[in-house]
Each structure stands twice: as structure tokens, then as C-alpha cells.
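Got the viewer open? Here is a walk through the model, one selection at a time.

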Amino acid sequence: MGSQKAPIAVARGDGIGPEIMQATLDILEASGAQLETHEVEIGEKCYLKGCLSGIEPETWETIRNTKAFLKAPITTPQGGGFKSLNVTVRTTLGLYANVRPAVSYAPFVETKHPNMNVVIVRENEEDLYAGIEYRQTPEVYQSLKLITRPGSEKIIRYAFEYAQQQGRKKVTCFTKDNIMKISDGLFHETYEEIAKEYPDIESEHWIIDIGTAKLADTPEAFDVIVLPNLYGDILSDVAAQISGSVGLAGSANIGDHGAMFEAIHGSAPRRAGQNVANPSGIILGSVLMLVYLEQMQAATTVHNAWLRTIEDGVHTYDIFKEGKSTEKVGTKEFAKAVIDRLGKSPEKLTPVSYHEHDIKKHKSQAMETINVTRDLVGIDVFVFDKETAENFQKKLINRNYGSFDLKMITNRGAKIYPDGHPETFCVDHWRCRFVAKESTKQTQRDLASLIMQLAEEGFDIIKTENLYNFDGKPAYSSAEG
Ligand code: NAD
């Protein structure tokens, strides 16, 4: 082994994965990149052996002992208790920042947006991806959305640091905090706080729906976009597709202790085994990896050869356009075309040149301890009942609940007591809010005796959620949302 070779873990993945990975490894080898590859098997084959996580325990050691992980897409079997391997790898290794550049290559790749150059910085560890889900009643299923202050701080700071280092001018935040005032509200509030520390970088916030419409229409108005996990997943596919093809974008998953590089697209099983898939996403993912490994020369060589291939019109089916493209090629032929151009630069597209300062290795900072007072002031009790709204509330109202008052009942968030409306559609899942009579701190015992009373009265309790005041202010959603 050459002493300067960087050990990397490589997973060939599922569907089109093995084909696009082989293309990438061939290009990396021909480019002179100093890599020592350690292959690991993850995904479908592991799932089929009965491993629910899609990764064998010993594989973690290989990934841990290498400097980076180059991973082809994986097919996550649907249902059956299988956990998404991508999510497992990202969260287990603490890869909190998912960096996804979406760039257009006009006029060589057809796009309505010739001047697009956006980097999406997607939070990678939390939100609905925690995968905490329950079926609570015959009719109701729940998925828990978790947004944390440390998670939001880490990703937002990363986005500003990235923008600063890459000479980008603006960081935009997308959330839906007009609806999710507490969870997305935290992300937005954290963004506003951190933006103040970077006065040289323009900052702005958009509600995700209109923000996405604006991105799809005028992507050149955006530079770096930071957003929670699920929105980031959706938005980065939109961004890649409108830049030319979802098959064009690579992605870096960065943490304090390691990094994983991949394409943004999935395993496209319908295209597998036909030598048609565009390997560009994972090739550009491998360029991000070479930069991370500080192999700037190889990163520059591969990226420029790839740009030249695109500029020469050598295109896979997804970006091929009669009259614009010169040659329609398969996965292998595309890789060969890139290899033939190693050492060449594009003549019309802007060539790249990577330098030491392009390495993004800032460590996330230790978070300040949050000092707030926290008072338990009530409880939401979720009950399963097939009754109508009218009959259900009759069971609950005008009763004595000790130190609590029944404040409201909602169904799917819509208020049915007090002052409900007969038109409100109801399912078999009721939220009953009990608030302390005096707005004084309650104890767990007070809650337990209320639950005991409800259980003895025959209510079928699915779950409870405590209500807290933080620094004296209610920290739970009101009936009106
Ligand atoms: P997908 O991205 O795999 O494919 C959607 C469509 O996009 C394909 O049918 C194809 O028309 C096109 N496409 C995607 N990649 C392409 C490429 N390289 N070249 C040319 N065309 C390409 O999305 P999907 O069909 O929703 O997901 C398939 C599987 O991939 C699922 O099991 C999903 O869980 C998994 N997935 C994995 C990852 C990952 O490993 N990081 C990411 C997303 C989806």
C-alpha cells in the first residue's frame, strides 16, 4: 500500500448501483487518485439474509477504520419492518450535514434554468426521519417529527460556514413555521439567531411551499439553501431535476467523525442491468470525496474531464437531446469518455480548480446549556373511541377531575369542545386536554391520578403528552394551532 493512499469504504449498492459504482471506480483509478478501497456489502443482500438494518455489525468496523465511505444507492424494501439503511448510516455515524449542489450545464444539458448554481444543505439526522411511527387506533397512524435545538444549530451554522468558505453570498432558510410553529418555528428562530453572526452573508427565510415554487421558477435567485431533513430531500430532487436530470447531482454527508459520499438519486431498479444509467451523480459525489480527502489534483482532474464529456455532448439517455447531444452512450461508455478526457478541461463551461481552502472541515461547536424554567401544567390524553363527537364529549364534560379542568377536546387537531362545529369530520382518535386549575406546577403523581381516574371510568387511553410552560410561557400548540 502506498503510504499516502487514503483508505475508503466502498458499497456497490442495489439496482443501478453496481454499474454506476464500477464506472466511478474506473474513473478514479485512471485519474491517479490515491485510494485504497475496502468493499463492504450492504443493502438488499443483507436485508434478504434477515438483517433488518441492511448492514452487518462487522461492516461498521470497516467504515469506521476508513477515511470516507463511497456508497451507491440502496433499495429499501417496503414494509416488513426494514429500516432505511441510508438513514441508519447517516444517524449512526453522526453525518449531520447533507450537502447537495445542483448546477446547470447549459447549453450542453437542456434546462429551463441556464444560470442555476444552488447548494442545498439538508439537515440529515432528525425530523420525520427518526422513523418513530405508531398505529394508534384502527383509523389513525402517527409519525413523530423531532426538531432539536442542537440539531438545528449544527446544520444552520454549517450552512453559513460553508457559504463563507465557498465565497457564496446568501443563505436562505425554508420552513413551514406558519403551521408547525413549535418545531419548524425552532428551526427558523435558530436560523435568525445564527444569521446575525454572519453579517456579510445575506439571509432570508421563505415558507417552504412558496419557496419551492420560487426555486422551480427562478433558481438563480438562490445560492445556499438550508432546511430540515424531509424538505431538503424533496427540494434537492426538484433542484437536480430542473438543472437537467436527477442523475446529475452528487452529495456529501458530513459529520465530525467521518463522511459519506453518494448520488442524490436512488437505485432506479427499473433501469438496472441495462447499462443505461447516468453515473454522473456518484462521479460528482466522488469528486466531493476527493476534496474531503484533500486530493485536490485528482478532484480537479476528474471534475474537469467530466465537464468536458458533458460539453462534448456525450450523454446518457436522461440528458440526451437530438440536435444538442453528439452521442448517446451507456454507463460504461460514458465512463470511458470521461477517462479519455482526463487531463482535459472544458472549453466553454467554466473549469474547476480545487484548493486547500475548499475543504469544509469545521467541527460543530459544543452547544450552550439552555437554562430555562420548566413547569408541568397539564396533560393531553389521547383516547380511542368510536363514538360521535357529540356522544364522546358527553362522556367527559361536567365532571370533577381533581386539580385539573378539562379545557378542550380535539379530533385530528380540530376543536370539537368547547364550541365545536357539527360539520367537523371526526375519526376514532380524540385529544383531551386537562390543565391545572391554578396555573401552578403539577407533579407526575397528579397526572398519574388523573390517568387512573380516566382508566377506571373506562376510557381507552392510547398515549399522553405532558404540557409544560417554559419560562412561564405555554410550550404546546393551542386548539387554534
Ligand atoms: P430513483 O431516484 O431510484 O429513480 C427514479 C427515476 O429517476 C428512475 O426510474 C429513473 O427514471 C431516474 N433516475 C434516477 N437515477 C438515475 C440515473 N442515475 N440515471 C438515469 N436516470 C435516473 O427513485 P425511486 O424510484 O423513488 O427509488 C428507488 C429505490 O431507491 C427505493 O428503494 C428507494 O428507497 C431507494 N433510494 C435510495 C437512495 C439512496 O440510497 N441514497 C436515495 C433515494 C431512493
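Before the first click, one cut-off to keep in mind: a residue is called buried under 20% relative accessible area, exposed over 50%, and partly exposed in between. Also remember that you are looking at a predicted model.

**Stop 1: a surface patch**

Select Val372. Valine 372 has a relative accessible area of 39%, so it counts as partly exposed. You'll find valine 372 in the loop that runs between helix 11 (331-340) and strand 15 (374-384). Now add Ile370 and Phe470: with Val372 they make a nonpolar surface patch, and together the three have about 240 Å² of accessible area.

**Stop 2: the antiparallel sheet**

Switch to cartoon and pick out the open sheet of six strands, ordered 17-16-18-15-19-20 with antiparallel pairing. Its edges are strand 17 (414-417) and strand 20 (473-474), each of which pairs on one side only. Next, show residues 404-411 and 429-436, which are strand 16 and strand 18; seven bridges join this antiparallel pair. For one pair to label, try isoleucine 409, which sits opposite cysteine 432 of strand 18.

Then bring in the helices. Helix 12 (residues 389-396) packs on this sheet and touches strands 15, 16, 17 and 18, with its direction at about 30 degrees to that of strand 18. Helix 13 (residues 444-456) packs on the sheet too, touching strand 15, strand 16, strand 18 and strand 19 (460-470), and its direction makes about 15 degrees with that of strand 15.

**Stop 3: the mixed sheet**

Now move to the open sheet of 10 strands, whose order is 2-1-3-12-11-4-5-10-8-9 and whose pairing is mixed. Strand 2 (35-39) and strand 9 (202-207) are the edge strands, each pairing on one side only. From one strand to the next, the twist averages 25 degrees.

Start with strand 1 (6-11). How many of the six residues of strand 1 are buried? Six of the six, so the strand is largely enclosed by the rest of the structure. Show the side chains: Ala6, Ile8 and Val10 point one way, while Pro7, Ala9 and Ala11 point the other. As a reminder, side chains in a regular strand alternate between the two faces of the sheet. Strand 1 pairs with strand 2 in the parallel sense over five bridges, and valine 10 has glutamate 39 as its bridge partner there.

While you're here, select helix 9 (residues 280-292). Helix 9 lies across strands 1, 2, 3, 4, 11 and 12, running at about 155 degrees to strand 12.

**Stop 4: strand 8 and its neighbours**

Go to residues 170-175, which are strand 8; the strand pairs with strand 9 in the parallel sense over six bridges. Two bridge partners to label in strand 9 are glutamate 204, for threonine 172, and tryptophan 206, for phenylalanine 174. Strand 8 is covered on both faces, with Lys170, Thr172 and Phe174 buried on one side and Val171, Cys173 and Thr175 buried on the other.

Which residues does threonine 190 touch, leaving out those up to four places away in sequence? Select Thr190, in helix 6, and look around: the contacts are Arg149, Ser152, Glu153 and Ile156. Threonine 190 has a relative accessible area of 0%, so it counts as buried.

**Stop 5: salt bridges**

The whole structure has 28 salt bridges. Try lysine 154 and glutamate 125, whose closest N and O atoms are 3.1 Å apart. Lysine 154 is in helix 5 (residues 149-165) and glutamate 125 in the loop between strand 5 (117-123) and strand 6 (133-135), so the pair ties together parts that are 29 residues apart in sequence.

Next come glutamate 193 and arginine 149, which meet in a salt bridge at 3.5 Å, N to O. This pair links helix 6 to helix 5, 44 residues apart. Glutamate 193 is partly exposed, at 36% relative accessibility. Add Glu153 and Glu189, and you have a network of salt bridges that links them with Arg149 and Glu193.

For the last stop, select aspartate 223 and arginine 168: their salt bridge has its closest N and O atoms 2.7 Å apart. Aspartate 223 is in the loop between helix 7 (208-217) and strand 10, and arginine 168 in the loop between helix 5 and strand 8, 55 residues apart. Are the two partners buried or exposed? Aspartate 223 counts as buried at 13%, and arginine 168 is buried at 18%.

Notes. Residues numbered from 1 in each chain as written. Predicted model: local features only at pLDDT ≥ 70, side-chain atom pairs only at ≥ 80, totals over all residues. Heavy atoms only, no water. Patch = residues over 30% accessible without salt bridge, like charges linked within 9 Å, V, L, I, M, F, W, Y side chains within 5 Å. Areas by Shrake-Rupley, 256 points an atom, 1.4 Å probe, with all protein chains shown as cover. Salt bridge = Lys/Arg side-chain N within 4 Å of Asp/Glu carboxyl O. Helix = DSSP H or I, 4+ residues; strand = E, 2+ residues; numbered from the N terminus. Buried < 20%, exposed > 50% of the residue type's maximum accessible area, 1.4 Å probe, protein only. Pairing = 2+ DSSP bridges. Axes fitted to C-alpha atoms, helices over the stretch in contact; angles between N-to-C directions. Contact = heavy atoms within 4.5 Å.
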